[in-house]
Every structure is written in C-alpha cells, then in structure tokens.
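Please open the model in your viewer and keep the sequence panel beside it, since the stops below are given as residue selections. Each stop says what to select and then what is to be found there.

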Amino acid sequence: MSLRTDTLSLAEARRVALAAQGLHRPSPDGSGTAPTLRTFERVVATTGLLQIDSVNVLARAHLMPVYSRVGPYATSLLDRAAGSPPRRLVEAWAHEASFVPPSTYPLLEWRRRRYRTQAWGRIASAEATHPGVVAEVRRVITERGETTASQMHEILAHPRGPRDAWGWNWTAAKLALEFLFFTGEISAARRNAAFERCYDLTERVLPPAVRDAPAVDDASAVRALLAIGARAHGVGTARCFADYFRLRGPAVTQAMRELVDAGEVRPVQVAGWSRPTFLHRDAVLPRAARAVTLLSPFDPLVFERRRLAELFGFHYRIEIYTPAARRLHGYYVLPLLVGDRLVARLDLKADRTRGALRVLNAFSEPSSADAPTTAALGPVVESARAELARMAGWLGLGEVEVADDGRGDLLSRLGAHAVSSPR
C-alpha cells in the first residue's frame, strides 16, 4: 500500500525499510523456476549497488544480497552482468568497492576527480610518488588490454608484496593500477577465477551510451546519488541516505533540501526517533513482511548501524578484524531475518573440502523470544534450520554441521535437529 501518512510506528517503519530493499517477500527455496539475468538486474535496480568484499569464508559478500532476496541462484549471472558486454554492472568506489549499474558510474566522476581527498591509503599520492610506473602501467593496459595485477608484476618485473598486506606493502605496479582504477582511467573488465580484476581502459568497458553521455555536474550527481540512497532506504535520516554512497559535506545538505523541495522525500515521524526523518515518495508499506533469510554482513540493509539498531534493536559489528579472543559472536556472523525482525545471528563457514556448511556459533536475539526456553525459541530454531539447509544447497554443500565446541543459546538446539541440505 502507498503511504500518505505523516507518522509511522516502529513496526511500520521496519516494513517500509524491508520493502525498499526487496526483503519483505518470501524468497524461493530454489525448487521452482531458476532466477534469470532479468531477475538479477531487478535486484540490483532495487538495492542500487552490491558491495564487494573478497572474504570467502562463506560466500563472497557481493553474491549474498541477491541470494537473500531471490533465493538460490546461479552466481554466474553476476559474471555475465559484469564480465561481458553489454555490461549491466561495472565496478566503482561507491559505498566502498562496489558493483553499480553503468548509469550510476557517471554520477561518481566527481569522486574520481577528487582522488587526492577521496582515495584511501597511498592511492592518492601514487602518481606523485611513482610517476614513471603509473605511465608504464597506463601504456601496458592501453596496448595489451585486459591485464591482472599478477600479470602486470610479471611484465614490469616487480616483486609481489605479502598476501596479507592489505595495501600497505603493495608494489608500485599494484599501487599504480589502483590509482588508475580509482581515477577512472581503467576499469575492471571482469574478474578471473582467482577473483583478480582484469583491468582495461574504461572506454573499452563502459557501454557506449554511458561512455558517450554528457558529463553530470557535481551538484546534480550528489543529488542523484542521495536520491538513490533515499529510495533504497524507504525511510531514514539524511545521514542514512548519504551513507549509501559515502557522501558528506555541504553538498549533501543542499541536495537534501532540493529533494524535499521537489517532493522526492518528505518529513515523517517515526515512533521513538528524535532525529529528522524522511520518507521517499516511492516508499510502500506492505501489510506484512514474510521473508526468512540470512543477510551478509555487507548487505545494504545493515550498512548504517545506527539505523539498524533503532529500527530492529539489533546492535551489530563485523568482527573479522577483531582478535579471536575478543569476538562476541564470531568471525563471519550473519543476521537471520524472519518477517520484520532480526531474530538471530549465526557464525558460519563453508567447509568446501568436507562439503559442509558449519555453524560455529549461534545466538538468538533478546527480542526474539520472551524467555530463553525451547518453546519460546522454537520458531527461531525452525527458521534457522530451514534457512541453513537452503543456503547449504545453494553453496553446493551436502550437509549442515553444528559445532560441538561453539557458543550461543541456539547452538545446542540446532545440533539437536541436524538437517541435510539438497545438493
């Protein structure tokens, strides 16, 4: 149902937020018609972007949001969308490193041009510190076409840095590639089997209609990006909308005023929220939210942590970079969405050698049951079991294994009801 109200209860705001992200409908179990490239494109049109992360302890982060919304799908759809013309997705620095529709790429040109303040780490100074290497990398890509960082190291005879260096010990060649990628001279034509970017000139990667389109002025670009963030949230604060593409500064304030003046967003009061809050004009309020699905730590629904806590009572942090002894919930913890609540968090690992989806830790949320009893947690346990089986099947894993030395009040209950997943 469309929205004409000026006030929303917290439950209504949750359903608006879920609908804006396409997370209000039950996602299929994979037994029906397989999702197509058109299905995939619809998801990305809804979310606006897919954040990229290379951690592969379960499934790479950019693969998960589509699964969470449409159920088991062939991940080769992403390769088709981003790895061959006409590309439906291209890589860019958006929220962080992300896949975005090609139409969004020109809206980020101002960030590429302002690399001295927008780029992270040593990328901003790469051209100043290694001008000769940047020029040589540019020449190789121009003449050779698709080239990975590994291949560039071989071509220029640069020794490689440690695998765990996270950019600080990059070779000059790798730094030059990342500089040219950030500034938009080169793009990722595709990713290879090792998940390396295959770099090529951007003019050879972008669809011609996007490549040849007129430039977008900075103010219009920021306003358009903020509007995408507002639509993807449905309801939220200006800070929520801006965080979607990591926007900041006076340009955001002005763009927000213009979105309000144009009627694209309007003020709304959400019960319990004291900050100025806005509703997107396309927001809808479903009568119910019925999805049961696991969410990636990098899912757009959980980007803005304060909003997540205020909407769902779910205080969340990714503990990948936290020393093991100090982790509260685990290394790679996924929230479990049931209806309009986040009812549990599961620490998961895909053991591909053994063909098993391993549950290392499993915690219910305090608000998911009145008391931590088997009866009260029964629906949460059943939902978790069904979703674990579905995910294992999607990942091609033959069974779900529950650790006997893990933590969490759900762990023993999940173990008492072992499940097998379809291949």
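## Ala20 and its contacts

Begin by selecting Ala20 in this predicted model: leaving aside residues up to four places away in sequence, Ala20 touches Thr46, Arg231, Ala232, His233 and Gly234. Ala20 is found in helix α1, which covers residues 10-20. With a relative accessibility of 15%, Ala20 counts as buried, because the cut-off for that class is under 20%. If you add Ala230 to the selection, the C-alpha atoms of Ala20 and Ala230 are separated by 9.2 Å, although the two residues lie 210 residues apart along the chain.

## The open sheet

Next, select β1 (7-8) and β7 (235-236), which are the edge strands of an open sheet, each of them pairing on one side only. The sheet has 4 strands in the order β1-β8-β9-β7, and its pairing is mixed. Extending the selection to β9 (residues 277-280) shows that β7 and β9 run antiparallel and are joined by 2 bridges, with Gly236 having Phe278 of β9 as its bridge partner.

## Helix α9 and what it packs against

Move to residues 149-156, which make up helix α9, and colour Ala149, Ser150, Met152, His153 and Leu156, which are buried. These residues cover an arc of only 165° around the axis, so they lie on the same side of α9. To see what they pack against, display α8 (131-144), α10 (172-183) and β6 (197-201). Just after α9 comes Ala157, whose phi is positive, near 60°.

## The hairpin of β5 and β6

Keep β6 on screen, where 5 of its 5 residues are buried, so that the strand is mostly covered. Adding β5 (186-191) brings in the strand that pairs with β6 in the antiparallel sense over 5 bridges, and Ile186 stands opposite Leu201 in β6. The two strands form a hairpin with 5 residues between them, and in the turn Phe195 has a positive phi of about 70°.

## The second largest pocket

Phe195 also leads to the next stop: together with Arg60, His62, Leu63 and Asp79, Phe195 is among the residues closest to the centre of the second largest pocket, out of the 23 that line it. This pocket has a volume of about 370 Å³. Select α4 (76-83), β3 (90-93) and β5 (186-191) to see the elements that give two or more residues to the lining; the largest share, 4 residues, comes from α4. Coloured by class, the lining of this pocket has 13 nonpolar, 5 polar and 5 charged residues.

## Strands β10, β11 and β12

Finish with strand β11, residues 333-338, of which 5 of the 6 residues are buried, so that the strand is largely enclosed by the rest of the structure. With which strands does β11 pair in the antiparallel sense? Strand β10 (residues 292-294) pairs with β11 over 3 bridges, and here Thr293 stands opposite Leu337. Strand β12 (residues 341-351) pairs with β11 over 6 bridges, and in this case Leu336 stands opposite Ala344 of β12. Zoom in last on the hairpin of β11 and β12, which has 2 residues between the strands, and where Gly339 takes a positive phi near 65°.

How values were computed:
Residues are numbered from 1 along each chain as its sequence is written. This is a predicted model: local features need pLDDT of at least 70, side-chain atom pairs count only at pLDDT 80 or more; totals for chains, interfaces and linings use all residues. Side-chain values use heavy atoms; hydrogens and water are left out. Two strands pair if DSSP finds at least two bridges between them. Buried means under 20% relative accessible area, exposed over 50%, partly exposed in between (1.4 Å probe, protein chains only). The arc is that of the directions from the helix axis to the C-beta atoms. Contact means heavy atoms within 4.5 Å. On a 1 Å grid over the protein atoms alone, a cavity is a set of points where a 1.4 Å probe fits but cannot get out, and a pocket is an open set with protein on both sides within 12 Å along at least five of seven lines; lining residues have an atom within 4 Å of a point. Grid points are joined across faces, edges and corners, and a volume is the space filled by probe spheres set on the points. Ala, Val, Leu, Ile, Met, Phe, Trp, Tyr, Cys and Pro count as nonpolar, Asp, Glu, Lys and Arg as charged, and the others, Gly among them, as polar.
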